[in-house]
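Reader: I am new to this structure and would like to understand the words used for it. Could you take me through them, setting each value beside its definition?

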Amino acid sequence: KGMKVEVPNKSEEDAYWVASILMTCGQLLRLRYDGYSDDSSADFWCDIATGDIHPIGWSASNNKNLQPPQAIKDKQEDWTEFLMKTLQGSHSAPAYLLDASTGVTPVDQIKTGMKVEIQHKLEPQNIWPATIIENVGGRLLLRHEGSLSASCDFWLFYLHNRVHPVGWGQAEGLQYKPPSEVASEHPQEEWDKTLKKTLEEAEKVTVPADLFTEQYEVEEH
């Protein structure tokens, strides 16, 4: 609620306009074209699964016209200036949220086979990738990447502060190191190869980083 999207302008052929999300009901969104202010007469519902809904900036990148609806066209002299003001400080709905194939909730978007990074339990300066084996309502069964056995599989909720998107450890300057419970399974050279391969594969199948924005932030201590 409150995010902005770009949707077809029903009064102009092959044109789009910015709308604000007023209400969400599962995959249904109640929208209002920007410029209508408190006037709810033109509010409408759109289904993410079947609707033509896009994040802010989509029209510009796809050479589509961005035009206000005919009913409010005379309310503003300079619509470009209006858009700059209405979009300032606003949040666009992320593209992955508008993709029906990924699911409409964070839990739905976490798929089996995706990769995450897990900080070590007792050594948080160390981190290692893991594969999602199972997702039960956001509770993830994880396996350390490169581990040969399921005996060290473990469960963590996706918002646990040890769970991060792939690449987070590198950005934070952490050390990639296999956890002690599986380190003896391979020589270090083999772990290095596993890490390199995993980071390359993770670019294709990774958990969207935006899913971690609600994660509890551990303050410096």
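Author: Let us begin with pairing: two strands pair if DSSP finds at least two bridges between them. In this model, which is a predicted one, Leu141 has Trp155 in strand E9 as its bridge partner.

Reader: What makes E8 and E9 a pair?

Author: Four bridges join E8 to E9, and the definition asks for at least two, so the two strands count as paired. They run antiparallel.

Reader: Which way do the side chains of Phe154, Trp155, Leu156 and Phe157 point along strand E9?

Author: They alternate, with Phe154 and Leu156 on one face, where they are buried, and Trp155 and Phe157 on the other, where they are not. In a regular strand the side chains alternate between the two faces of the sheet.

Reader: How do you know that E7 is paired with strand E11, residues 175-176?

Author: Two bridges join E7 to E11, and at least two are needed, so the pair meets the definition. These strands run parallel, and Ile127 has Tyr176 in E11 as its bridge partner.

Reader: What other strands does E7 pair with, and how do they run?

Author: Strand E6 (residues 115-119) is joined to strand E7 (residues 126-136) by five bridges, and the two run antiparallel; within this pair, Ile118 is matched with Trp128. E7 is also joined to strand E8 (residues 139-144) by six bridges, again antiparallel, and there Thr131 has Arg143 as its partner. Both pairings form hairpins: six residues lie between E6 and E7, whereas two lie between E7 and E8, where Gly137 in the turn has a positive phi of about 60°.

Reader: Why is Thr198 called buried?

Author: Its relative accessibility is 2%, and buried means under 20%, so Thr198 falls in that class. Thr198 lies in helix H5 (residues 188-202), and, leaving aside its neighbours within four places in sequence, it is in contact with Lys115, Pro129 and Glu145.

Reader: Why is Asn63 called exposed, while Asp14 is called partly exposed?

Author: Asn63 has a relative accessible area of 74%, and exposed means over 50%, so the word applies to Asn63. Asp14 stands at 49%, which is between the cut-offs of 20% and 50%, and therefore Asp14 counts as partly exposed. Asn63 lies in the loop between helix H1 (58-61) and strand E5 (65-66), and Asp14 in the loop between strand E1 (4-8) and strand E2 (15-25). Phi of Asn63 is near 55°, a positive value in a residue other than glycine, and phi of Asp14 is likewise near 55°.

Reader: How do you know that the link between Ser11 and Asn9 is a polar contact?

Author: The side chains of Ser11 and Asn9 are linked at 2.8 Å, and a polar contact requires a pair of N or O atoms within 3.5 Å, so the distance fits the definition. The side chain of Ser11 also reaches the backbone nitrogen of Gln70 at 2.9 Å. Ser11 is found in the loop between E1 and E2.

Reader: What makes Leu28 eligible for a nonpolar patch?

Author: Leu28 has a relative accessible area of 34%, and patch residues need over 30%, so Leu28 passes that cut-off. Met23, Leu28 and Trp45 form the patch on the surface, with about 280 Å² of accessible area together.

How values were computed:
Residues numbered from 1 in each chain as written. Predicted model: local features only at pLDDT ≥ 70, side-chain atom pairs only at ≥ 80, totals over all residues. Heavy atoms only, no water. Buried < 20%, exposed > 50% of the residue type's maximum accessible area, 1.4 Å probe, protein only. Contact = heavy atoms within 4.5 Å. Patch = residues over 30% accessible without salt bridge, like charges linked within 9 Å, V, L, I, M, F, W, Y side chains within 5 Å. Areas by Shrake-Rupley, 256 points an atom, 1.4 Å probe, with all protein chains shown as cover. Salt bridge = Lys/Arg side-chain N within 4 Å of Asp/Glu carboxyl O. Polar contact = N/O pair within 3.5 Å; in protein donor to acceptor, adjacent residues only side chain to side chain.
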